[in-house]
Amino acid sequence: MRAAVLRGVNEKFEIREDVTIRGPGPGEVRVRLGASGVCHTDLSIHQGLIGSPAMFPCVLGHEGAGTVTELGLGVSRVAEGDHVIVAWVAPCGSCRTCLAGQTHLCLSSRARRTAPRPPQMQLESEGIRALKGGFAEEMVIQETAAVKIPADIPFDIAALVGCGVTTGFGAAINTAAVTPGSWVVVIGCGGVGLNVIQGSRVAGASCILAVDPTPAKQELARSFGATHAVHPDDLDEARIQLTDGIGFDYAFEAVGRPATVRAAYDATRVGGATIVVGAGSPTAEVVFNGEELFDTERKILGCHYGSANVHRDFPLILELWRAGRVELEGLVSRRIGLEDLDDAFEALDRGEVVRSMVLY
Ligand SMILES: [Zn+2]
Ligand SMILES: [Zn+2]
């Protein structure tokens, strides 16, 4: 099959026609991809900000949708020919976190992610790791990571829901559980931030302040439901004006840097909540003092995959899209082929695109 192989940090993608993938084992399915988005996490791996040298050579891409073409032993949730969105967490449904309703933190899925496993893909005699492998024509995934969707939904729309949309929308709806009339600020208006904005809009927030240095992103943020948009330098002035100096009920950080986490916290009111949605680095520390944590009761909430139950939330988001309540088309900046991935990664790094979508 065709695949974009990455051999190391900041290398160009090697587009090959002769990569093979093993068949599905028990509980697994093979998916022929229809579309696969370029997410910021792929860029962070490409730049070496996440991961280790041991993961190369690999195939990136974790925001895909496609058709189930082969079933492993014992698969019952999906059938051949079903259209599915690929989730990057495969909830087992029976571990302690799944039973607690936190399927996005499934302990079995986390253990599988870190366990040493033989590479799924092969190029001549060389093993290639699938991380998750969306930049290849086919993936082999756990059946619980394949979320069935109606066959009439275009793959490029469906794929978006596999990561960025669910992460942002879920941060507002699930992690924060934004309530009607809330005052919300969102720092960072990329693929995730825009979906925090529209999640907050759907939840009924009365004030949604978008914060981003790029005028084009500020404009986009308004079209996704932001009531106001400012440059980061003007955040404090906007906080004073929009909240009468009280501070926001919810501050979402969708960048992943200490300074923006701290800025989000400082923008909240006493008793408000900061939701850290951006994927940060393990070496970047954020400083809080003990007095402010105790005295102001501001909450700091981690947010993984929008705290989503993928089997509940993927169909829910698509229903809202069909009802005209959620915007998805406007997130796709470019439709590309695998051979355009180098350009797509550079454009994402420069902040010029929200989503480049590989079509197969
Ligand atoms: Zn992603
Ligand atoms: Zn589980």
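The following paragraphs lead the reader through a predicted model, beginning at its metal site and moving on to its strands, its helices and several individual residues.

The zinc ion (ligand 1) offers a convenient starting point. Its protein donors are Cys 39, through SG, His 62, through NE2, and Cys 163, through SG, and they lie 2.0 to 2.2 Å from the ion. Along the chain, these donors follow the spacing C-x22-H-x100-C. Cys 39 belongs to the loop between β4 (28-37) and α1 (40-46), while His 62 belongs to the loop between β5 (58-59) and β6 (64-71); the pair therefore ties together parts that are 23 residues apart in sequence. Both Cys 39 and His 62 are buried.

Helix α1, which follows the loop of Cys 39, contains Ser 44. With a relative accessibility of 12%, Ser 44 counts as buried, because the limit for that class is under 20%. Leaving aside residues up to four places away in sequence, Ser 44 touches Leu 49 and Ile 50.

Beyond α1, the loop that leads to β5 holds Pro 57. The peptide bond that joins Phe 56 to Pro 57 is cis, and its omega is near -10 degrees. A second cis peptide bond runs from Leu 131 to Lys 132, with omega near -25 degrees. Lys 132 is placed in the loop between β9 (126-130) and β10. As general background, most peptide bonds are trans.

The strands may be considered next. In general, the strands of a sheet pair through backbone hydrogen bonds, in either a parallel or an antiparallel manner. In this model, an open sheet is formed by four strands in the order β3-β8-β9-β5, with mixed pairing. Its edges are β3 (19-21) and β5, each of which pairs on one side only. Strand β3 is joined to strand β8 (residues 121-123) by three bridges, and these two strands run antiparallel. Within this pairing, Ile 21 has Met 121 of β8 as its bridge partner.

Strand β4, which precedes the loop of Cys 39, pairs with β10 in the antiparallel sense over five bridges. Glu 28 stands opposite Gln 142 of β10 in this arrangement. Strand β10 itself spans residues 138-142, and four of its five residues are buried, so the strand is largely enclosed by the rest of the structure.

Attention now turns to the packing of two helices. Such a pair is described in general by the angle between the axes and the distance between them. For helix α5 (residues 164-176) and helix α11 (residues 310-322), the axes come within 11 Å and cross at roughly 95 degrees. The two helices are therefore roughly perpendicular to each other, since angles from 65 to 115 degrees are placed in that class. From α5, the contact involves Val 165, Thr 166, Phe 169 and Asn 174; from α11, it involves Arg 312, Asp 313, Phe 314, Leu 316, Ile 317 and Leu 320. Sorted by class, the residues of this contact are six nonpolar, two polar and two charged.

Two residues with positive phi deserve separate mention. In general, most residues other than glycine have a negative phi. Glu 297 is not a glycine, yet its phi is near 50 degrees. This residue lies in the loop between α10 (290-296) and β17 (299-302). At 57% relative accessibility, Glu 297 counts as exposed. Ser 307, also a residue other than glycine, has a positive phi of about 45 degrees. Its place is in the loop between β17 and α11. In terms of accessibility, Ser 307 counts as buried, at 18%.

Two further loop positions complete the account. Asp 234 is located in the loop between β14 (228-230) and α8 (235-243). It counts as partly exposed, with a relative accessibility of 40%. Its C-alpha atom is separated by 9.9 Å from that of Pro 213, a residue 21 positions away along the chain. Gly 330, in turn, occupies the loop between α11 and β18 (332-336). Gly 330 also counts as partly exposed, at 32% relative accessibility. From C-alpha to C-alpha, Gly 330 and Arg 355 are 9.3 Å apart in space, while in sequence they are 25 residues apart.

Terms used:
Residues numbered from 1 in each chain as written. Chains lettered and ligands numbered in written order. Predicted model: local features only at pLDDT ≥ 70, side-chain atom pairs only at ≥ 80, totals over all residues. Heavy atoms only, no water. Donors = N, O, S within 2.8 Å, 3.2 Å for Na, K, Ca; no water. Buried < 20%, exposed > 50% of the residue type's maximum accessible area, 1.4 Å probe, protein only. Pairing = 2+ DSSP bridges. Contact = heavy atoms within 4.5 Å. Axes fitted to C-alpha atoms, helices over the stretch in contact; angles between N-to-C directions. Parallel < 35°, antiparallel > 145°, perpendicular 65-115°, else oblique. Nonpolar A, V, L, I, M, F, W, Y, C, P; charged D, E, K, R; others polar.
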